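Me: I would like to learn how to read the features of a model. Can you take me through one, feature by feature?

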2 protein chains.
Amino acid sequence: MEKIGIVGAGLIGSSWSAIFSSKGFDVVIYDSNKNVENEFKKRVETFLEELKFIDNKINIEDSLQNIKFVHDINYLSNNCTFIQDCSPEIIEIKQELFSKLDNSCPENVILSSSSSGMPISLITQNLKGKNRCIISHPVNPPHLIPCVEISPSLNTSDEVVNKTKDIFGKIGFSIIYVKKEIDGFILNRLQGALLNEAVKLYSEGYASADHIDSTVRNGLGLRWAFMGPFETIDLNAPGGIKDYMQRYGNMYLNMEKNNKILPDWSETNAIKLEKERREILSTDQLLKRAQKRNNMLKSLRKLKKDLNEEVIN
Amino acid sequence: MEKIGIVGAGLIGSSWSAIFSSKGFDVVIYDSNKNVENEFKKRVETFLEELKFIDNKINIEDSLQNIKFVHDINYLSNNCTFIQDCSPEIIEIKQELFSKLDNSCPENVILSSSSSGMPISLITQNLKGKNRCIISHPVNPPHLIPCVEISPSLNTSDEVVNKTKDIFGKIGFSIIYVKKEIDGFILNRLQGALLNEAVKLYSEGYASADHIDSTVRNGLGLRWAFMGPFETIDLNAPGGIKDYMQRYGNMYLNMEKNNKILPDWSETNAIKLEKERREILSTDQLLKRAQKRNNMLKSLRKLKKDLNEEVIN
């Protein structure tokens, strides 16, 4: 079993710690701030309880025993075979971290980043060991959403790609292999396409923010909980996806062709959207709603398990 | 209680019949093909059983008693107060049907269409009674996805809009009010945005069709089952949606700015996608998978009910 090193004990780092430890991996967690250890432990325990709801076989005590919190990053370099960066999303911080790790880790150690937007080639452009560097991008909250994007650069070796896939496969994650580097990878491009259209429909006055949301949460999203866009249309025409594409392709193509305005991400529009959202959910309820979201996600994961719709790679 | 007339006893007509009858409405169904009655009844029974799974209070026998199948469309004109068109998605057929109904129905009868793409102004442009015509567009399968788009034209009266909202509110549907006519309404524009991006990522070679699907079914779709794109980002930055828009707005804006290629809906690409899908699901399994989809949807609806996440208008 690989020994997993995690840099950064925030939300993402805590989440990775919970999922890896629950699947029997040894986890070493490092954070430059020494005062976060207690908070980290409490968070990991909560996450492990959520994971146990989905998979009753998980032993919380054993999982916690698998995690070691250290205050010296060199402990990771000397003891781990796979290091997952969960540092802040700031390019200079990540470049410095990867440079440090590349200098201190033996050659066989894989250096992976949770970055949601930066290509690994940008983070590692000046490194000797860029061949061992890769993106493994999770979805928030990672312990409840079993999906990771593996995005290598042209320099990343096949061995590193395969080993990374293997590690995330062992924790039951769906692996999205991004064959060529692209801004936003696959997940945030799909999310971005939906968001950009939602922002346009809102700012052009076609529907309220809540009605646009409701189209997803009471409409499209019910199918998307179980199947992606291609499978959805495969089942929405009698003859399958080719039949559907012939029937409706022109409609979708024309939507794109005639959709020339850019989405309005300005502060003015953000203030309007903020106002609409705060009428539905006040600021002091945000955290509570995020907890409810996690409750809903764990229930949906359990449901999908009961329906034999778990991740298959 | 309004008496609902439904034109067309296919999938959509059967689905509307099940949901309206289960909520105590009298339903009169008409189809120009007299041989479909048995098939229709069997389908409605199946749909009612699925609805009963979600809401145990539904009485299948009583619901079936609420439905009357007729072979003369004039019966609808003379007896119903709200008529829902579920005829084929062909403009000439819909124009002829609406013209016929407009001539034969008393003035107070609302004429509504399930059309997924045609604006009501196009269907009713030459009609005297265009003020009583409206789109009420469902999501497939309508009895399991509680969402309807209400899209009036500039000619539709406010009274008709309000009465239509009221009727769909009574069957517990989420009402998406489309304030101005637009191709694809809200739902298919959102679906189209995701599909167009998925088609691009596939044909430009960034990921396999199944990996793109998996990004949704094991990733984004889990959240979208419970919350729309705006609520999702409202919970994904510490300070809410405005905070999120300030952090990531430029990333999404640049994705759109730099995304100049058109999605490839050609036959060549359709054949490639068909091949990938058929390796995962053979043609003879399509129907079975659609049934499984319905099973999953009803389980998810039940779960959302148990979690107090049902439709609120």
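The dialogue below takes up symmetry, interface, helix packing, backbone and burial in turn.

Me: What kind of model is this, and which residues count?
Reply: This is a predicted model: local features need pLDDT of at least 70, side-chain atom pairs count only at pLDDT 80 or more, and totals for chains, interfaces and linings use all residues. Residues are numbered from 1 along each chain as its sequence is written, and chains are lettered from A and ligands numbered from 1 in the order in which they are written.

Me: What rotation superposes chain B on chain A?
Reply: Start with the general idea. Two copies of a chain are related by a rotation about an axis and a shift along it. The fit is by least squares on the C-alpha atoms of residues with pLDDT of at least 70 in both copies. Here the rotation is 180 degrees, the shift along the axis is 0.0 Å, and the RMSD is 0.0 Å. That is the relation of a two-fold axis.

Me: How many residues does each chain give to the contact?
Reply: Contact has a cut-off: two residues are in contact if their C-beta atoms, placed from the backbone, lie within 7 Å. Chain B gives 88 residues and chain A gives 88 residues. Of the interface residues of chain B, 100% are also interface residues in chain A, so the copies meet through the same surface.

Me: Which element of chain B supplies the largest share?
Reply: Elements are DSSP runs, numbered from the N terminus: helices are H or I with at least four residues, strands are E with at least two. On the side of chain B that touches chain A, the elements that each supply at least two residues include strand E8 (174-177), helix H8 (187-203) and helix H13 (286-306). H9(B) supplies the largest share, 14 residues.

Me: How does that side divide by class?
Reply: Ala, Val, Leu, Ile, Met, Phe, Trp, Tyr, Cys and Pro count as nonpolar, Asp, Glu, Lys and Arg as charged, and the others, Gly among them, as polar. The side of chain B that touches chain A has 50 nonpolar, 21 polar and 17 charged residues.

Me: At what angle do helix H9 of chain A and H8(B) pack?
Reply: Axes are lines fitted to C-alpha atoms, for helices over the stretch in contact, and angles run from 0 to 180 degrees between N-to-C directions. Under 35 degrees counts as roughly parallel, over 145 as roughly antiparallel, 65 to 115 as roughly perpendicular, and the rest as oblique. Helix H9 (residues 209-224) of chain A and H8(B) pack at about 75 degrees, with axes 10 Å apart. H9(A) and H8(B) are therefore roughly perpendicular. Thr215(A), Val216(A), Gly219(A) and Leu220(A) meet Leu187(B), Leu190(B) and Gln191(B). These residues divide into four nonpolar, three polar and no charged.

Me: How do H1(B) and H2(B) cross, left-handed or right-handed?
Reply: A crossing is left-handed if the near helix is turned anticlockwise from the far one by less than a right angle, and right-handed if clockwise. H1(B) passes H2(B) in a right-handed crossing. The axes of helix H1 (residues 11-22) and helix H2 (residues 37-54) of chain B come within 9 Å and cross at roughly 50 degrees. The two are therefore oblique to each other. Among the residues that meet are Ser14(B) and Ala18(B) in H1(B), and Phe40(B) and Phe47(B) in H2(B). The contact residues divide into seven nonpolar, four polar and one charged.

Me: Which peptide bond of chain A is cis?
Reply: Most residues other than glycine have a negative phi, and most peptide bonds are trans. A cis bond joins Asn140(A) and Pro141(A), with omega about -10 degrees. Pro141(A) sits in the loop between strand E6 (133-138) and strand E7 (147-152) of chain A. In chain B, the bond from Asn140(B) to Pro141(B) is cis, with omega near -10 degrees.

Me: What is phi of Asn308(A)?
Reply: Phi of Asn308(A) is near 60 degrees, a positive value in a residue other than glycine. Asn308(A) lies in the segment after helix H13 (286-306) of chain A. Asn308(B) has a positive phi of about 60 degrees.

Me: Is Lys242(A) buried or exposed?
Reply: A residue is buried if 20 or more other C-beta atoms lie within 10 Å of its own, exposed if 12 or fewer, and partly exposed in between; C-beta atoms are placed from the backbone. Lys242(A) is buried, with 21. Lys242(A) lies in helix H11 (residues 241-257) of chain A. Not counting residues up to four places away in sequence, Lys242(A) touches Ala270(B), Ile271(B) and Glu274(B). By contrast, Asn308(A) is exposed, with 8 other C-beta atoms within 10 Å. Leu122(A) counts as partly exposed, with 14 C-beta neighbours inside 10 Å.
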